[in-house]
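This report covers the internal spaces and the ligand site of one protein. Please look over the sequence and the model before reading on.

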Amino acid sequence: MADARRTVLVTGGAGFIGSHTCVELLQHDREVVVVDNLSNASAVVFDRIAEIAGRKVRFREADVRDRDALDAVFSSDTIDEVIHFAAFKAVGESVEKPTAYYDNNLGSLTTLLDAMHSHGVRDLVFSSSCSIYGMVERTPITEDTPASPTNPYARSKWMGELILQDACHARPDLNVTSLRYFNPTGAHESGRLGEDPRGIPNNLMPFVMQVAIGRLPRLRVFGDDYATRDGTGVRDYIHVMDIAEGHRVALERPSEASGFRVLNLGTGTGTSVLDLVDAFERASGCTIPYEVVARRPGDVDALVADVGRAADLLGWTAQRDLADMCRDAWSFQRVNPQGYDAG
Ligand code: UFG
């Protein structure tokens with residue numbers, strides 16, 4: 001029965017992780033309302049979501065910092081719970097434009113919390129990042145590892161978590177889960193939904209795929225002298241649908257005591273740059289030419305999640321491996337070589 005469904009407000013629901021999470025929620029009997037200002041996303045995703053899930057999200061185009069717009073959404077859409085993705089997320093850009101990052105990423109959070117408070121909404125899942133950990137001494141990384149963010153983007157996520165802790169302290173009925181993602185990649189297995197970065201990609205998998213389709217000549221591997229198996233950087237890549245499932249389960253299993261909790265979402269498996277290139281070549285049949293260049297400033301040797309807490313508290317573990325990530329990312333990229341707007 002439609003009106004028995006719980007309604008989730010998904011901010012940033014047109015983005016990469018947000019759009020996949022919308023599919024997951026619709027397929028698990030939630031109503032979904034998206035607030036997104038489309039500053040780094042395309043409205044085409046809503047058609048794709050409906051195609052896959054067989055139901056539509058309700059889209060409200062607005063900036064999350066716009067309190068009047070949020071009030072209108074909470075009043076007219078009867079929101080039960082919230083997932084907050086909307087944020088700027090490019091590390092390099094955050095170094096150039098720190099105030100824009102703090103204004104957008106923290107202003108949206110405080111406005112949202114106030115609106116939730118006014119409308120009596122208590123459950124929130126927050127999109128956080130393993131970049132909060134910064135330079136770590138050892139992996140796998142547990143949630144108790146002290147935060148040491150190294151750039152304004154990561155600091156905005158860390159400050160967001162501090163704001164949430166304070167809000168939970170002031171308002172004991174608030175129930176917040178902060179999910180610290182490691183390196184999300186892949187795409188929906190249909191090949192209809194995926195990652196569509198604007199401009200030249202910063203991240204490894206999107207860059208590799210643009211080499212595969214011939215938009216870029218070769219991959220630049222940033223350093224082969226790290227203290228890792230083959231000298232290239234090691235990360236914990238996780239399939240975006242595993243991340244989407246993690247959000248759904250976090251809503252379904254709120255903490256028994258209200259308050260603030262933080263969970264890593266990763267696979268616990270480390271993959272080097274060359275491992276990923278190899279896996280992608282096998283999944284796609286393409287050859288990825290590459291050259292080793294200097295290290296990228298700010299990069300670290302290895303970041304791999306300790307995934308025990310999410311398994312204990314949510315009963316959630318990632319189900320998909322690197323071959324799945326490469327296959328699904330490639331099936332989206334192959335069919336949508338210019339991203340959503342050209343397709
Ligand atoms: N890399 C290359 N060449 C490239 C791009 C990346 O060799 O063209 C290497 C990097 O040096 C690193 C690895 O590939 O060793 C992964 O790099 P990404 O840029 O894909 O991802 P990062 O681990 O640097 O971190 C990114 C964001 C963070 C975010 C994190 C998890 O920059 O803000 O993903 O979401 F927190």
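Strand 5 (123–129), strand 6 (175–181) and helix 8 (240–252) each supply at least two residues of the lining of the largest cavity. Strand 5 gives the most to this lining, with 3 residues. The model is a predicted one.

**Cavities**

The structure holds 2 cavities of 30 Å³ or more. Their volumes and lining classes are set out below.

| Cavity | Volume | Lining by class |
|---|---|---|
| Largest | about 50 Å³ | 5 nonpolar, 2 polar and 1 charged residues |
| Second largest | about 40 Å³ | 5 nonpolar, 3 polar and 1 charged residues |

Around the largest cavity stand Asp123, Leu124, Val125, Asn175, Thr177, Ala250, Leu251 and Pro254. By class, this lining has 5 nonpolar residues, 2 polar ones and 1 charged one.

The second largest cavity has another set of walls. Its lining consists of Thr185, Gly186, Ala187, Gly194, Glu195, Met205, Met209, Ala329 and Phe332. Two elements, helix 7 and helix 11 (322–335), give two or more residues to the lining of this cavity.

**Ligand site**

The ligand is surrounded by 22 residues. The closest are Ser129, Phe182, Arg220, Arg235 and Asp299. By class, the shell has 12 nonpolar, 6 polar and 4 charged residues.

Which elements each supply at least two residues of this shell? They are strand 7 (183–185), helix 7 (204–212) and strand 8 (219–222). Strand 8 provides the largest share, 4 residues. Helix 7 appears at both sites: it supplies at least two residues of the ligand shell and gives two or more residues to the lining of the second largest cavity.

Polar atoms of the protein approach the ligand at several points. A polar backbone atom of Phe182 is 2.7 Å from an oxygen atom of the ligand. In Asn183, a side-chain N or O atom lies 3.0 Å from a ligand oxygen. At Arg220, a backbone N or O atom is 2.8 Å from a nitrogen atom of the ligand. How much of the ligand does the protein bury? Taken alone, the ligand exposes 690 Å², and the protein buries 89% of that.

Conventions
Residues numbered from 1 in each chain as written. Predicted model: local features only at pLDDT ≥ 70, side-chain atom pairs only at ≥ 80, totals over all residues. Heavy atoms only, no water. Near = heavy atom within 4 Å. Polar contact = N/O pair within 3.5 Å; in protein donor to acceptor, adjacent residues only side chain to side chain. Areas by Shrake-Rupley, 256 points an atom, 1.4 Å probe, with all protein chains shown as cover. Nonpolar A, V, L, I, M, F, W, Y, C, P; charged D, E, K, R; others polar. 1 Å grid on protein atoms, 1.4 Å probe; cavity = no way out; pocket = protein on both sides within 12 Å on 5 of 7 lines; lining within 4 Å. Points joined across faces, edges and corners; volume = space filled by probe spheres on them.
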